[in-house]
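Trainee: Could you take me closely through the packing of one part of this model, and place its surroundings for me as you go?

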Amino acid sequence: MDSPIGVLKLSSDELYLKSISFDAEFIKSELNIPEILIIAQKQLEEYFSGNRKEFDLPIDPEGTEFQHRVWERVAAVGYGSTKSYAEIAREVKSENSSRAVGMANGRNPLPIIIPCHRIIGHNGKLTGYAGGLERKKWLLLRELQNSGNSRLF
């Protein structure tokens, strides 16, 4: 799908959204598109237009137990808010594992849906994002613009 941050590739099985990739090549869509991809594209378009703040999609990201715990905490960070890697590490009961949290965040197969762009350095700096820091900044500023918050990071 085309988006304000570039072409995104959405992948699924018949029931669950599995991944979103950045820097995809635009490919003419297939005739038999699973309904989950149609719904996901619609919700992402609503998000990019500022009309959706939460996603309501069946997802099934592949990852380890630790990664799933991290992604669950990341998914709980609200629209227009941020948390640090250290805060997420404390929430998953792994206080000295900010680096491991960062690695799990970097392996998130569903960016935007599991909003890893909302996780920042403890000093408020933007650090690491699989889609690049410019995309992370764009997503955070867009949310700030639509959330009513005066400060995100």
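Mentor: I begin at the edge of the picture with Ser147, which counts as partly exposed because its relative accessible area is 25%, where buried means under 20%, exposed over 50% and partly exposed anything in between, for a 1.4 Å probe and protein chains only. The model is a predicted one, in which local features need pLDDT of at least 70 and side-chain atom pairs count only at pLDDT 80 or more, while totals for chains, interfaces and linings use all residues. Residues are numbered from 1 along each chain as its sequence is written, and side-chain values use heavy atoms, with hydrogens and water left out.

Ser147 belongs to helix H5, residues 133–147 (helices are DSSP runs of H or I with at least four residues, strands are runs of E with at least two, and both are numbered from the N terminus). Once its neighbours within four places in sequence are set aside, Ser147 is in contact with Tyr79 and Gly80, contact meaning heavy atoms within 4.5 Å. Between Ser147 and Gly106, which are 41 residues apart along the chain, the C-alpha separation is 25 Å.

The part that I would examine most closely is the packing of H2 on H4. Their axes, which are lines fitted to C-alpha atoms over the stretch in contact, lie 9 Å apart and make an angle of about 85 degrees, on a scale that runs from 0 to 180 degrees between N-to-C directions. The two helices H2 and H4 are therefore roughly perpendicular to each other, a label given to angles of 65 to 115 degrees, with under 35 called roughly parallel, over 145 roughly antiparallel and the rest oblique. On the H2 side the contact is made by Phe66, Gln67, Val70, Trp71 and Val74, and on the H4 side by Ala100, Val101, Ala104 and Asn105.

Burial can be followed on each helix in turn. In H2 the buried residues are Gln67, Val70, Trp71 and Val74; they cover an arc of only 100 degrees around the axis, which puts them on the same side of H2, the arc being that of the directions from the helix axis to the C-beta atoms. Glu65 and Glu72, on the other side of H2, are exposed, and the cover over the buried residues of H2 includes H3, H4 and E4. For H4 the buried residues are Val101, Ala104 and Asn105, and, seen down the axis of H4, they fall within an arc of 100 degrees, so they line one face of the helix. These buried residues of H4 pack against H2, H3 and strand E4 (119–120). Arg99 is also in helix H4, but its 73% relative accessibility makes it count as exposed, and its C-alpha atom lies 18 Å from that of Pro109, which is 10 residues away in sequence.

Pro109 appears again beside Glu62, which is placed in the loop between H1 and H2. Apart from neighbours within four places in sequence, Glu62 is in contact with Lys18, His68, Trp71 and Pro109, and at 66% relative accessibility Glu62 counts as exposed. Although Glu62 and Asn108 are 46 residues apart in sequence, their C-alpha atoms are 8.7 Å apart in space.

The loop between H4 and E4 holds Ile112, which counts as buried because its relative accessibility is 0%. Its phi is positive, about 80 degrees, although Ile112 is not a glycine; most residues other than glycine have a negative phi. Beyond four places in sequence, Ile112 touches Ile5, Leu8, Leu44, Tyr47, Phe48, Phe55, His117, Tyr129 and Leu139.

Ile112 is also named, with Leu10, Leu17 and Phe48, among the residues that have the most contacts inside the largest nonpolar core, a set of 33 residues (buried Ala, Val, Leu, Ile, Met, Phe, Trp, Tyr and Cys residues joined through side-chain atoms within 4.5 Å). Two or more residues of this core come from each of strand E2 (17–21) and helices H1 (35–48), H2 (65–75), H3 (85–91) and H4 (98–106), and H1 gives the largest share, 6 residues. Gln43, which lies in helix H1, counts as buried at 7% relative accessibility, and beyond four places in sequence Gln43 touches Arg52, Phe55, Asp56 and Leu57.
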